[in-house]
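I'm opening a fresh notebook page for this one. The plan is to look things up one at a time and jot down what turns up.

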Amino acid sequence: MNVATTSVWDNLVGQRHIISTLQTAATGHGMTQSWLFTGPPGSGRSNAAIAFAAALQCPDGGCGQCHECHTVLAGSHADVNLVRTEKLTLGVDEIRDLVRQSALTPAGKRWQILIVEDADRLTEQANNALLKAVEEPGARTVWMLCAPTVEDVLPTIRSRCRLVTLSTPTAPDVTAFLQRTLGVDEERAAYAARASQGHIGRAKALARDDDTRRRREQVVAYPAKLRSLADALRAAGELAAVSKEEADAVTADLDAREKADLDAGYGVVERGRRPREYGPALSALEKDQKRRATRRHRDVIDRGLMDLVSVYRDAITLAAGAPVTLVNEEHRREIEQVVASSTPELNLQRIGAIFEAREQLLEFNVQPQLVLEAMMVALLPPGGDQ
């Protein structure tokens with residue numbers, strides 16, 4: 001059971017420090033036309049940008065009830081364009097189209113707003129195409145860029161934007177949000193809040209989807225089970241497989257809908273034959289879908305790697321005797337086994353190995369199976385049966 005939104009700001013979890021800033025700007029005080037929203041994954045960068053866009057279009061600064069607010073939040077407002085990519089990069093053609101749109105006069109009485117959700121994925125050419133538009137926006141144009149950190153954005157672009165930095169929401173904030181918006185019980189909400197480590201999208205999935213919880217439980221159980229080279233290779237294979245299963249579940253329906261839309265657009269079903277232009281269009285679609293599947297698979301693996309990091313952080317916390325609730329409180333006994341067979345220094349090295357794997361996977365595009373096998377071997381206990 002979802003609770004109706006009463007304000008455009010309701011879905012910004014644990015971001016009280018920025019809401020007042022954006023509310024003030026929406027009234028015209030301290031308003032600028034180029035913004036950069038940064039924050040850790042899952043903190044709600046694009047949600048903050050969308051909420052701000054709604055407030056800018058709303059006569060009452062973001063009431064959450066009017067036509068303007070509803071259409072912005074639903075993604076159907078004529079003067080708000082959100083660009084996100086499921087591919088590894090955001091290319092120059094997409095940005096040029098956005099720049100052309102930014103020069104148009106708004107259909108309504110307020111702003112033409114362009115939101116780039118993955119500004120950290122812009123290619124060099126795309127950055128160059130965007131720079132001039134951000135530096136000198138039209139009189140009624142607002143740019144909102146979203147990225148994990150300011151370092152992920154070209155210095156010449158970020159220097160022309162007003163910075164809004166989101167923080168990782170606390171577990172109590174996320175718990176309360178899940179209870180309010182999803183209607184789940186406190187125990188399930190608290191588990192999802194801890195396990196997600198402040199990632200709102202991940203918390204929602206963990207709170208309402210049994211398969212997502214099952215896959216995560218499988219991943220966090222690995223550290224206590226790693227004893228030999230065979231264990232490491234088996235775990236790597238399982239993590240690659242379970243990640244692909246989750247990624248495929250997300251992309252399969254979307255791929256099918258896109259293919260059906262393409263067929264309908266070219267009249268394939270009605271005519272019973274394929275026009276000449278259909279072949280190149282289908283090839284381009286399949287290429288984009290393959291890129292999206294690759295990114296989705298790597299993103300899901302990355303979440304699994306961060307789940308592994310949480311186990312070793314819990315082990316360090318236990319070894320230090322810190323009186324805090326563990327991220328993986330349900331696995332305290334297994335984490336105690338990790339503590340007994342290791343040292344904090346070793347677990348820090350293991351965390352370093354996981355982050356090295358993330359870099360190879362996301363930055364250097366190394367084949368996932370090879371990355372995971374090397375990483376799992378690095379997580380083995382000293383003197384293990386290799």
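**Entry 1: an odd loop residue.** I started with Q197, which sits in the loop between α8 (186-196) and α9 (200-208). A reminder to myself: this is a predicted model. I looked up the backbone angle, and Q197 has a positive phi of about 55° although it isn't a glycine. Is Q197 buried, exposed or partly exposed? Its relative accessible area is 24%, so I put it down as partly exposed.

I then wanted another residue of this kind and found N365, with a phi near 60°, also a positive value in a residue other than glycine. N365 belongs to the loop between α16 and α17. With a relative accessible area of 45%, N365 is partly exposed.

**Entry 2: who touches Q197?** I came at this from S310, a residue of helix α14. S310 has a relative accessible area of 1%, so it goes down as buried. Which residues is S310 in contact with, leaving aside neighbours within four places in sequence? I noted Q197, R216, V327 and N328.

**Entry 3: helix α10.** R216 from that contact list made me look at α10 (residues 210-220), where R216 is one of the buried residues. The others on the buried list are T212, R213, R215, V219 and V220. Looking down the axis of α10, I see the buried residues fall within an arc of 165°, so they line one face of the helix. I reminded myself of the helix rule: an α-helix has 3.6 residues a turn, so residues three or four places apart point the same way. What do the buried residues of α10 pack against? My list reads α8, α9, α11, α12 and α14.

**Entry 4: helix α17.** Next I did the same for α17 (residues 368-378), where P368, V371, L372, M375 and M376 are buried. Down the axis of α17, these buried residues fall within an arc of 125°, so they line one face of the helix. The cover over them includes α11 (222-225), α12, α14 and α16 (344-362).

I also checked how α17 begins. Q367 caps the N-terminal end of α17, with a side-chain oxygen 2.9 Å from the backbone nitrogen of Q369.

**Entry 5: aromatic pairs.** How many aromatic pairs does a search of the whole structure find? It finds four. To read them I need two things: a pair of aromatic rings is described by the distance of the centres and the angle of the planes.

I took F37 and F52 to begin with. Their ring centres are 6.5 Å apart and their planes are at 55°, so I call the pair tilted. The pair links distant parts of the chain, with F37 in strand β1 (residues 34-38), F52 in helix α2 (residues 45-57), and their positions 15 residues apart. Both F37 and F52 are buried.

Then I looked at Y266 and Y278. This pair is edge-to-face, at 5.8 Å centre to centre and 80° between the planes. It links distant parts of the chain too: Y266 is in the loop between α12 (229-265) and α13 (268-271), Y278 is in helix α14 (residues 278-320), and they are 12 residues apart. Y266 has 27% relative accessibility, so it counts as partly exposed. Y278, at 1% relative accessible area, is buried.

One more note here: ring pairs link W35, F37 and F52 into a cluster.

**Entry 6: strand β4 and its partners.** W35 led me to the strands, because I wanted to know what it faces. W35 stands opposite M144 in β4. β1 and β4 pair in the parallel sense over five bridges.

How many residues of β4 (residues 141-147) are buried? Seven of its seven residues are, so I noted the strand as mostly covered. T141, W143, L145 and A147 point one way from β4, while V142, M144 and C146 point the other way. That fits the textbook rule: in a regular strand the side chains alternate between the two faces of the sheet.

β4 also pairs with strand β3 (residues 112-116), in the parallel sense and over five bridges. There, I113 stands opposite V142 in β4. Finally I traced the chain from β3 through helix α5 (residues 124-135) to β4, and noted this β-α-β crossover as right-handed.

Definitions and conventions: Residues numbered from 1 in each chain as written. Predicted model: local features only at pLDDT ≥ 70, side-chain atom pairs only at ≥ 80, totals over all residues. Heavy atoms only, no water. Phe/Tyr/Trp six-rings, centres within 6.5 Å; stacked < 30°, edge-to-face > 60°. Helix = DSSP H or I, 4+ residues; strand = E, 2+ residues; numbered from the N terminus. Buried < 20%, exposed > 50% of the residue type's maximum accessible area, 1.4 Å probe, protein only. Pairing = 2+ DSSP bridges. Right-handed = clockwise from strand over helix to strand, strands pointing away. Contact = heavy atoms within 4.5 Å. Arc of directions from axis to C-beta. Polar contact = N/O pair within 3.5 Å; in protein donor to acceptor, adjacent residues only side chain to side chain.
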